[in-house]
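Thank you for making room for me this morning. I would like to walk you through one structure, and I will try to go slowly enough that you can find each place for yourselves.

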Amino acid sequence: MLPSNPFEIRLDRNDPRPLYRQIKDALAAAIESGELPPSTRLPATRALAQKLGVDRVTVVTAYNELAAEGLIQSHVGRGSFVLDPASLTGRHETPPAPPSLRAPDEWTAHNFNREMMRLARRPDIITFGPGMPATDLLPADDYRFALNAVLRRDGPEVLQYGPIEGHPPLQAAIAEELAGFGVHIRPEQALITSGAEQALSLAMRTVLRTGDAVLVEQPTYLHVLDLLAGSGIEAHPAPCDEQGARADALPELIERHRPRLLYLTPTYQNPTGVCMPLARRREILQLAAAHHLLILEDDVYRHLWLDAPPPPPLRALDPADNVIYVNGYSKCLLPGARIGYLLAPQRLHAELEAAHQTLDLTATELSQRALALLFEQSRFRQHLERVRAAYRERRRAMLEALTDYMPPGASWTRPAGGLFLWLRLPPGGPSATTLYVHALDLGVAFAPGHLFYLPERVKADDAAHSLRLNFTLYPPPIIRDGIRRLARAWERAGGELPSS
Ligand SMILES: Cc1ncc(COP(=O)(O)O)c(C=O)c1O
């Protein structure tokens, strides 16, 4: 018996698509639009074939395709039903328990990150803490398309181990993109890794030996601090100003510590959002070349420019081939795809490639091929345009709310891209960790600034009175609500509020 729903399939004998494909496409469109809601029973194949005047095999083929795409589920003897995603087991549905870490002073980068990820899944807390892109803007449909298309095109081969250095078409797409940034490479020079994080770890463990010194921006990306902690490598702070790492402070630091490496995130830095201007980039490169100092450039926020494209990467400006360059597609596209890459200076390429093989063999082939397809189809570019438009709005909402609600003496960066801004609380008032406890009671969270400082610097005033806010995670009204709650938390913590 046909179902009672009014849905009709019209076949067109002049359509170049085969009949099974027309049936499949019509049903898929109806499922996607909700016209055929979850749990709807599809007509029996024999009945539908009769109704449409086609062979039964044609309908069976269409149903098989729908099942392969996860749109329907067939049960022997009962028929085929539109899949209800909620009926699938294995998804972790229960929200995590209320926040347990109540002493943020004692946090390490490691347990902070777990806390932030837990909070991000709680609907009752507005959290500006995590270092991730907005979930509501992740391109799930594009990715689903790419995964299905790649699986259909390449079959089981895509589930095999792939080439160690990466999927050649993805390497080619990266080389093309890099040329647009002014970095000219042969595709095989891009060593594909499981996220930028792995590229950073690979670079550090290959280039550095116990007892070596490195310079890191202060504040800096907290996982780099985590990576260096307990490694036997000495990390020293490189001071920053509103243009990023200070070139004028480097000669003395180089003289004193004889560092082997300088870790920099010059473009929309994590955590401050600052972007280093061209002149400063050139100054730092000159100093590094003069002192045989390797630079590890982490460029993962480059795609997320909001006002105008940023200056070229250090790697593009460096004739001395002294920069290890790291980038990836977590912040600008899909953190879950876990795809990053590394460009080594020529003299280090073979060593880094060998180290990569030891560490991981290869990054996931399926993700690499799916990403290559998203590039090829211009979907990545379109996604970036959508994300930039939304992030501009969200940044504006946060800057306006901060202006309206923050106490006198507070200041903040106005990033031209990336995910974060850096808020400095009025000196002499409650610290960021005191504020955090009250903020959590009022349902708002952030990343306390001390986490981004080397351990010996966490008690310093700038570390204790600053915090990182991710401005991209919520639509404007929620951002405004979150900042309003933060201001209330400040008052509860004993801070002074603007008189209005
Ligand atoms: C500066 C910086 N580098 C690297 C990463 C890691 O990126 P991925 O997710 O690609 O490993 C992050 C993520 O927070 C980051 O902020």
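Just after helix 6 comes Gly182, and in this predicted model Gly182 takes a positive phi of about 90°. Let me step back from that glycine into the helix itself, residues 168-181, which has 14 residues and reaches 20 Å from its first C-alpha to its last, close to the 20 Å expected at 1.5 Å a residue.

Which residues of helix 6 are buried? They are Leu170, Gln171, Ala173, Ile174, Leu178 and Phe181, and because they cover an arc of only 160° around the axis, they sit on the same side of helix 6. If the spacing of those numbers looks irregular to you, it may help to recall that an α-helix has 3.6 residues a turn, so residues three or four places apart point the same way. On the face turned away from the buried side, helix 6 carries the exposed residues Glu176, Ala179 and Gly180. As for what covers the buried residues, the list includes strand 4 (191-193), helix 11 (314-317), strand 11 (340-343) and helix 13 (365-376).

Now to the ligand. There are 13 residues around the ligand, and those that come nearest are Gly195, Ala196, Glu197, Gly328 and Ser330. Which helix gives the largest share of this shell? That is helix 7, residues 195-207, which supplies three residues. Sorted by character, the residues of the shell divide into four nonpolar, seven polar and two charged.

Next, some details of the backbone, beginning with two prolines. The peptide bond from Gln218 to Pro219 is cis, with omega near 0°, and Pro219 has its place in the loop between strand 5 (213-218) and helix 8 (222-228). The peptide bond from Asn270 to Pro271 is also cis, here with omega near 20°, and Pro271 is placed in the loop between strand 8 (261-264) and helix 10.

Helix 10 covers residues 278-290, and Arg282 lies in it. Is Arg282 buried or partly exposed? Arg282 counts as partly exposed, because it has 15 C-beta neighbours inside 10 Å. If you would like to place Arg282 against another part of the chain, take Leu352, which is 70 residues away along the chain, with 26 Å between the two C-alpha atoms.

Past helix 10, in the loop that leads to strand 9 (294-298), you will find His292. His292 has a positive phi of about 50°, although it is not a glycine, and His292 is exposed, since 10 other C-beta atoms lie within 10 Å. A positive phi in a residue other than glycine is also found at Arg338, where the value is near 55°. Arg338 has its place in the loop between strand 10 (323-328) and strand 11, and with 19 C-beta neighbours inside 10 Å, Arg338 counts as partly exposed.

I will finish with confidence. The chain averages a pLDDT of 91, and 94% of the residues score at least 70. Over residues 1-5, however, the pLDDT is below 50, and beyond near neighbours in sequence this stretch has nine contacts in the model.

How values were computed. Residues are numbered from 1 along each chain as its sequence is written. This is a predicted model: local features need pLDDT of at least 70, side-chain atom pairs count only at pLDDT 80 or more; totals for chains, interfaces and linings use all residues. A residue is near a molecule or strand if its C-beta atom, placed from the backbone, lies within 6 Å of it. Helices (H or I, at least four residues) and strands (E, at least two) are DSSP runs, numbered from the N terminus. Ala, Val, Leu, Ile, Met, Phe, Trp, Tyr, Cys and Pro count as nonpolar, Asp, Glu, Lys and Arg as charged, and the others, Gly among them, as polar. The expected span of a helix is 1.5 Å times one less than its number of residues. A residue is buried if 20 or more other C-beta atoms lie within 10 Å of its own, exposed if 12 or fewer, and partly exposed in between; C-beta atoms are placed from the backbone. The arc is that of the directions from the helix axis to the C-beta atoms. Two residues are in contact if their C-beta atoms, placed from the backbone, lie within 7 Å. pLDDT is the predictor's confidence in each residue, from 0 to 100.
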